[in-house]
Every structure is written in C-alpha cells, then in structure tokens.
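Colleague: Could you walk me through this fold at the bench level, sheet and core included? I have a few questions ready.

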Amino acid sequence: MAAGGWRWCSRLVLCACLLAVSSARAGEDQKKKKDIRDYNDADMARLLEQWEKDDDIEEGDLPEHRRPPPPVDFSKVDPSKPEELLRMSKKGRTLMVFATVSGEPTEKETEEVTGLWQGSLFNANFDIQRFVVGSNRVIFMLRDGSLAWEVKDFLVAQDRCADVTVEGQVFPGRAAGGAPDTRKEPNRPKREL
C-alpha cells in the first residue's frame, strides 16, 4: 500500500505542475490581449505597423521617407559640377530653401516682400509654399528638390534678399552686396520647359 500511495502522490504532484504551467501560459496570453482602451501611443504605432505590413501599398502612395530614392545616372553627371549631382539626388523629394530679407523688416513687411517672390515663382510654374518663421526669415518648401537651385538663383537676384540657404550652403543675395548679376531680367525666374 505504501507503493500505491507514492504513485498516487507523484501523480498528484505531476498534475499540479502541469496545471501551474498551463495557468502561467494562460496569464501570458492575457497580457498580450489587453483591452484597446488601455493602449498607449507605442501600442497604437505597433498595431499600425502590423496592419500596414501585409498591405499592398503602391509606391506612389507611400510617405516620402519610405519611398526608395530615385536612381542617379552617374554617366550624365559632370564631376566638375557637384550641384548637378545634388539636383539629381533631390529629384522628386521635398526640399526647404531658407531666405533672409535684408534690413530690419517687420513680420508684415517680410510677408509682403516674400509674397511677391512666391507669386513670381508661382507664375513661372514652380510648386512652392512659403512659411514666415521670423521677422526677416522665410522658408520656401519645394515638392521637387531638383528645382531648388533655380529658385536660389531667382532669390539671390532680388533687391531685398540678404542670403539664401540650400542644403546647408549659404549663398549671398543682392542686398548683401556679393551676388553677381548675370541675367538681364533679375525679377523673373528662369525656367526651361
């Protein structure tokens, strides 16, 4: 009878262990399945990533930071002109161009002057948005970054432009006294169609 008692006891301990392991796994499953009302921002971001992972999204519908960069044909790039390489690499990408209005204008005056610049660029078929960020500072946002250097050429030729910054490079404007005037009509942006 002692041997039967040990068997009975060992079976009882084995069942208790299996029960404990299965309840621990059930507890883990409950942790994974928490209520949607308890989700924080990180949980929502993970959920969105899981949801979008299996979606077949066309390349044009992807956000810009997830699109592959356009291919650059180095055979067409002149090595003596690094600006050409920058233009080709920024094709189809959003780019910011910063400009400073000379003197000490008020924010309203800056809006008027840069509004005229934006209007001229718009009339030359440049898709451009303008954001005044200070009393004398403005950002021009281009949907196609390859056009930024044409916009820069137009801006530095303006009478009230102190400087223009494109991709970290600062170009002095006409108001700074350092920009050479190479065009006959400095008030019109030049664009080849």
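What follows is a short exchange about the sheet, the helices and the core of this predicted model.

Colleague: Happy to start with the sheet. In what order do its five strands come?

Modeller: Good place to begin. The sheet is open, and its strands pair in the antiparallel sense. On average, neighbouring strands are turned by 25° against each other, direction ignored. Reading across, the order is β2-β3-β1-β4-β5.

Colleague: Which strands stand at the edges, each with a single partner strand?

Modeller: Follow the order β2-β3-β1-β4-β5 from end to end. A strand at the edge has a single partner, so one side of it is left without a neighbour in the sheet. That describes β2 and β5 (169-172).

Colleague: Let's look at β3. Which residue of β3 stands opposite F131?

Modeller: Strand β2 (residues 128-132) runs antiparallel to β3, and five bridges join the two. A hairpin of four residues links β2 to β3. Opposite F131, in β3, stands I139.

Colleague: And on the pairing of β1 with β3, which residue of β3 stands opposite V97?

Modeller: β1 and β3 are antiparallel as well, with six bridges between them. The β3 residue opposite V97 is F140.

Colleague: Now the helices. At about what angle does α5 run to β4?

Modeller: Two helices are worth tracing here. α4 lies across β1, β2, β3 and β4, and runs at about 175° to β2. α5 lies across β1, β2, β3, β4 and β5, and its angle to β4 is about 170°.

Colleague: Which element gives the most residues to the largest nonpolar core?

Modeller: In soluble globular proteins, nonpolar side chains tend to be buried together. Here the largest nonpolar core has 24 residues, and V97, W117, F140, L155, V164 and V166 touch the most other members. β1 (95-101), α4 (107-123), β3 (137-142), α5 (148-156) and β4 (161-166) each supply at least two residues. The most, six residues, come from α5.

Colleague: V166 is on that list. Over the ring of which residue does the charged end of K152, one of the contacts of V166, sit?

Modeller: Setting aside neighbours within four places in sequence, V166 is in contact with L95, V97, A148, W149, K152 and F171. The charged end of K152 is 4.3 Å from the centre of the ring it sits over, and that ring belongs to F171.

Colleague: One last thing: how many aromatic pairs does a search of the whole structure find?

Modeller: Rings would pair if their centres lay within 6.5 Å. With that cut-off, the number found in the whole structure is zero.

Terms used: Residues numbered from 1 in each chain as written. Predicted model: local features only at pLDDT ≥ 70, side-chain atom pairs only at ≥ 80, totals over all residues. Heavy atoms only, no water. Phe/Tyr/Trp six-rings, centres within 6.5 Å; stacked < 30°, edge-to-face > 60°. Lys NZ or Arg CZ within 6 Å of the ring centre and 35° of its normal. Core = buried A, V, L, I, M, F, W, Y, C linked by side-chain atoms within 4.5 Å. Buried < 20%, exposed > 50% of the residue type's maximum accessible area, 1.4 Å probe, protein only. Contact = heavy atoms within 4.5 Å. Pairing = 2+ DSSP bridges. Axes fitted to C-alpha atoms, helices over the stretch in contact; angles between N-to-C directions.
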